[in-house]
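Trainee: Hi! I have a model open on my screen and would like to talk it through with you. Could we take a look together?
Mentor: Happy to, let's bring it up.

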Amino acid sequence: MKPVRKVLATLALGIVSIITSILIYLHLALPQVGAPPKLKVNVSPERIQRGKYLAHHVSVCMDCHSTRNFHKYSGPMLSSTLGKGGHV
């Protein structure tokens, strides 16, 4: 019975040391960042128009985040699904 206890104690000590090593590594390896800043965005019609311009023309977000009708030539986006997602 004594060898079984010795094996279990060694196994438990090994598990505890592995968990401790992982926690120490995570604490030392990850960057120490503070709390996120509290941002307040002023919503205005100009900002909304700017966001629409960026999403539709500059970043072209709507190409992937809209459902397309591939039964038609070039697969046009369905206007009722702009920004909802759907293209995998």
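Trainee: How many helices and strands are in the protein chain?
Mentor: The protein chain has 2 helices and 0 strands. Keep in mind that this is a predicted model.

Trainee: And is the chain spread out or compact?
Mentor: Its radius of gyration is 28 Å, whereas the globule rule gives 12 Å for 88 residues, so the chain is more spread out than a compact globule. Along the principal axes, its C-alpha atoms fill a box of roughly 75 × 40 × 20 Å.

Trainee: What share of the residues counts as buried?
Mentor: Just 8% of the 88 residues. As for contacts with a separation of 6 or more, 5% of them come from residues 24 or more positions apart.

Trainee: How far apart are the C-alpha atoms of His57 and Leu13?
Mentor: They are separated by 59 Å, with these positions 44 residues apart along the chain. His57 belongs to helix α2, and it counts as exposed because its relative accessible area is 56%, where exposed means over 50%.

Trainee: Changing topic to the surface: how much of it belongs to carbon and sulfur atoms?
Mentor: That would be 67% of an accessible surface of about 8200 Å². There is also a nonpolar patch on the surface, with about 1100 Å² of accessible area together; its members include Val4, Leu8, Ile15, Leu23, Tyr25 and Leu30.

Trainee: Let me pick Leu23 from that patch. Which helix is it in?
Mentor: Leu23 sits in helix α1, which covers residues 2–29. With a relative accessible area of 54%, Leu23 is exposed.

Trainee: OK, now salt bridges. How many does a search of the whole structure find?
Mentor: It finds 1. The partners are Asp63 and Arg68, whose side chains meet at 3.4 Å, N to O.

Trainee: Are those two buried or exposed?
Mentor: In between, as it happens. Asp63 is partly exposed at 30% relative accessible area, and Arg68 is partly exposed too, at 24%.

Trainee: Which buried residues could I look at in the segment after α2?
Mentor: Try Thr81 and Ser66. Thr81 is in the segment after α2, a helix that spans 45–58, and Ser66 lies in that segment as well. Thr81 counts as buried because its relative accessibility is 11%, and buried means under 20%. Ser66 is buried with a relative accessible area of 1%.

Trainee: What does Thr81 touch?
Mentor: Leaving out residues up to four places away in sequence, Thr81 touches His65, Ser66 and Thr67. A polar atom of the Thr81 side chain also lies 2.9 Å from the backbone oxygen of Leu78.

Trainee: And what does the side chain of Ser66 reach?
Mentor: The backbone oxygen of Met62, at 3.0 Å.

Trainee: One last topic, backbone angles. What is phi of Val60?
Mentor: Phi of Val60 is near 55°, so a positive value in a residue that isn't glycine. Most residues other than glycine have a negative phi. Ser74 is another case, with a positive phi of about 70°.

Trainee: Where do Val60 and Ser74 lie?
Mentor: Val60 lies in the segment after α2, and Ser74 lies there too. Val60 is partly exposed at 31% relative accessibility, whereas Ser74 counts as exposed at 58%.

Trainee: Thanks, that helps me find my way around!

Conventions: Residues are numbered from 1 along each chain as its sequence is written. This is a predicted model: local features need pLDDT of at least 70, side-chain atom pairs count only at pLDDT 80 or more; totals for chains, interfaces and linings use all residues. Side-chain values use heavy atoms; hydrogens and water are left out. Helices (H or I, at least four residues) and strands (E, at least two) are DSSP runs, numbered from the N terminus. Buried means under 20% relative accessible area, exposed over 50%, partly exposed in between (1.4 Å probe, protein chains only). A polar contact is a pair of N or O atoms within 3.5 Å; within protein, one must be able to donate a hydrogen and the other to accept it, and residues adjacent in sequence count only if both atoms are side-chain atoms. Contact means heavy atoms within 4.5 Å. The radius of gyration is taken over C-alpha atoms; the globule rule is 2.2 Å times the number of residues to the power 0.38. Accessible areas come from the Shrake-Rupley method with a 1.4 Å probe; for residues, only the protein chains shown count as cover. Patches are made of residues with over 30% relative accessible area and no salt bridge: like charges are joined within 9 Å, nonpolar side chains (Val, Leu, Ile, Met, Phe, Trp, Tyr) within 5 Å. A salt bridge is a side-chain nitrogen of Lys or Arg within 4 Å of a carboxyl oxygen of Asp or Glu.
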